[in-house]
Amino acid sequence: MKDWKSRLPTAIDRADKLSDSVRSRLRKIAGFNDPLIIIPYLGYGTAEKLLFGGRVLEDEGFTPATSADRTWRNLINMYKRFETHEVPGARIRARFHGIEREVITDHEGYFNFEIQPVQPLDVHPWQQVELQLLEPQSPKGHPVRATAQVLVPSAAARFGIISDIDDTVISSNVVNKLKMILTVILSNEHTRKPFEGVAALYRALQTGVSGGEDNPIFYVSNGPWNLYTLLLDFLNLQKIPLGPLLLRDFGDHLLFAKDAMSHKKRNIKMILDSFPHLPFVLIGDSGERDPEIYRDVVKDYPTRIRAVYIRSINKQPSRLAAIDKLIEEVRHTGSQLVLTPDSEFAAAHAAAEGLISIALLAAVRSEKKKDQTAPTPQALTR
């Protein structure tokens, strides 16, 4: 029985890939009916190397969301996000400061670039890379282009921030899977709200104690790439600092939940290794495995982690006891794991540690109070 269960995810994954392959071939034979689009994902890099990726899809014609959208409209848009028509085998060209590179998308339409700049980068933290779809051609022969944004941390940065998203930045009810699914499919980027004071806390960490540090922020989540544009719009709408979003393929998200820890660890270590001169602050929640993942990261990089902030959302005694043990383990490394009830508590600790200024702590308190008195979005009550 155990052997059968262990083989099932692989069998389902193979069937899914075969289905995608057949559908892709049929669409190629019949021709692409919808316009093709390149969705570039925010990347990161240094003066020596830029890393970024994206996806090529058929344009499903999303209707821009509003705060007044009813649940049926949110449901339709969410269906379109997950029922994607990817374009495997597409040829993409990237241009950056006179450098050209070409890659081919995989069976899910994903692509990745690594570019080594040969000229000094300008001082702007977001570098722009021009992308063009070379093959296949979009219907009517219209050129398909996009611009990838790649974050290169400023020389003024004193530390970096790596944050989870679900139940850390935004309430997602990850502990209760049914509530989580309903929350995701029946709401949108306008009607979902961050935890009180989160936007001010992240802005404070980004600007640092001096107010001008421009510390880079990275978001590492087990959420699927299908939600990428929704999350990006959410961060912009809520005035939460932007940073690369490192998500997972939807198939992996469903079939290989046990790989969730390795996904986060792998991406966190890639970020830490990319910026060996920067210490980091890690932010997560107690709903799933963030405390354990961050404990392992602290042990692997004992001098690199300034603090670990864990939003307390799981109040079960057994979970609290387990986190108490993790706090002790982290303390012995010289770092700190702080179980925090809200953003204000985390901001107070950050101010005491010299990560943010007292003035910015006051801003977090003010925004928290404002968020607490904000009206409930209408779309969530319908």
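Modeller: Two strands count as paired here if DSSP finds at least two bridges between them. The model is predicted.

Colleague: Which residue in E8 is the bridge partner of Val129?

Modeller: Strand E7, residues 126-135, pairs with E8 in the antiparallel sense, over 7 bridges. Among the residues bridged to E8 is Val129, and its partner there is Ala148.

Colleague: Strand E8 also joins strand E2; do the two run parallel or antiparallel?

Modeller: Strand E2 covers residues 43-45 and E8 covers residues 145-151. One of the bridged residues is Gly43, whose partner in E8 is Val150. The two strands are joined by 2 bridges, and their direction is parallel.

Colleague: In the open sheet of 6 strands, which strands stand at the edges?

Modeller: The strand order in this sheet is E11-E10-E9-E12-E13-E14, with parallel pairing. Each edge strand has a single partner, so one of its sides is left without a neighbour in the sheet. The edge strands are E11 (245-248) and E14 (337-340).

Colleague: By what angle are neighbouring strands of this sheet turned against each other on average?

Modeller: The sheet is open and its strands pair in parallel. With direction ignored, the average turn between neighbours is 15°.

Colleague: Which residue in E10 is the bridge partner of Ile162?

Modeller: Strand E9, residues 160-163, runs parallel to strand E10, residues 217-224, and 3 bridges join them. For Ile162, the partner in E10 is Phe218.

Colleague: How many aromatic pairs does the structure hold?

Modeller: Ring centres within 6.5 Å make a pair. For the structure, the count is 10.

Colleague: Are the rings of Tyr41 and Tyr228 stacked, edge-to-face or tilted?

Modeller: Planes under 30 degrees apart would count as stacked and over 60 as edge-to-face. The ring centres of Tyr41 and Tyr228 are 4.6 Å apart and their planes stand at 55°, so the pair is tilted.

Colleague: How many residues apart in sequence are the parts that Tyr41 and Tyr228 tie together?

Modeller: Tyr41 lies in the loop between strand E1 (36-40) and E2, whereas Tyr228 lies in helix H5, residues 228-237. Tyr41 is buried at 7% relative accessibility, and Tyr228 is buried at 2%. The separation of the parts is 187 residues.

Colleague: At what angle do the ring planes of Phe218 and Phe275 stand?

Modeller: Phe218 lies in strand E10 and Phe275 in the loop between helix H7 (260-274) and strand E12 (280-285), so the pair ties together parts 57 residues apart in sequence. Their ring centres are 5.8 Å apart. The pair is tilted, with the planes at 40°.

Colleague: Are Phe218 and Phe275 buried or exposed?

Modeller: Buried means under 20% relative accessible area. Phe218 has 0% relative accessibility and Phe275 has 1%, so under that cut-off both are buried.

Colleague: Which residues do ring pairs link into a cluster?

Modeller: Phe218 and Phe275 form one of the pairs. The cluster linked by ring pairs consists of Tyr44, Phe218, Phe275 and Phe280.

Colleague: Which ring does the charged end of Arg311 sit over?

Modeller: The charged end of Arg311 is 4.1 Å from the ring centre. The ring belongs to Phe195.

Colleague: What share of the residues in the protein chain is buried?

Modeller: The chain has 11 helices and 14 strands. Of its accessible surface of about 18,500 Å², 56% belongs to carbon and sulfur atoms. Among the 382 residues, the buried share is 49%.

Notes:
Residues numbered from 1 in each chain as written. Predicted model: local features only at pLDDT ≥ 70, side-chain atom pairs only at ≥ 80, totals over all residues. Heavy atoms only, no water. Helix = DSSP H or I, 4+ residues; strand = E, 2+ residues; numbered from the N terminus. Axes fitted to C-alpha atoms, helices over the stretch in contact; angles between N-to-C directions. Buried < 20%, exposed > 50% of the residue type's maximum accessible area, 1.4 Å probe, protein only. Areas by Shrake-Rupley, 256 points an atom, 1.4 Å probe, with all protein chains shown as cover. Phe/Tyr/Trp six-rings, centres within 6.5 Å; stacked < 30°, edge-to-face > 60°. Lys NZ or Arg CZ within 6 Å of the ring centre and 35° of its normal.
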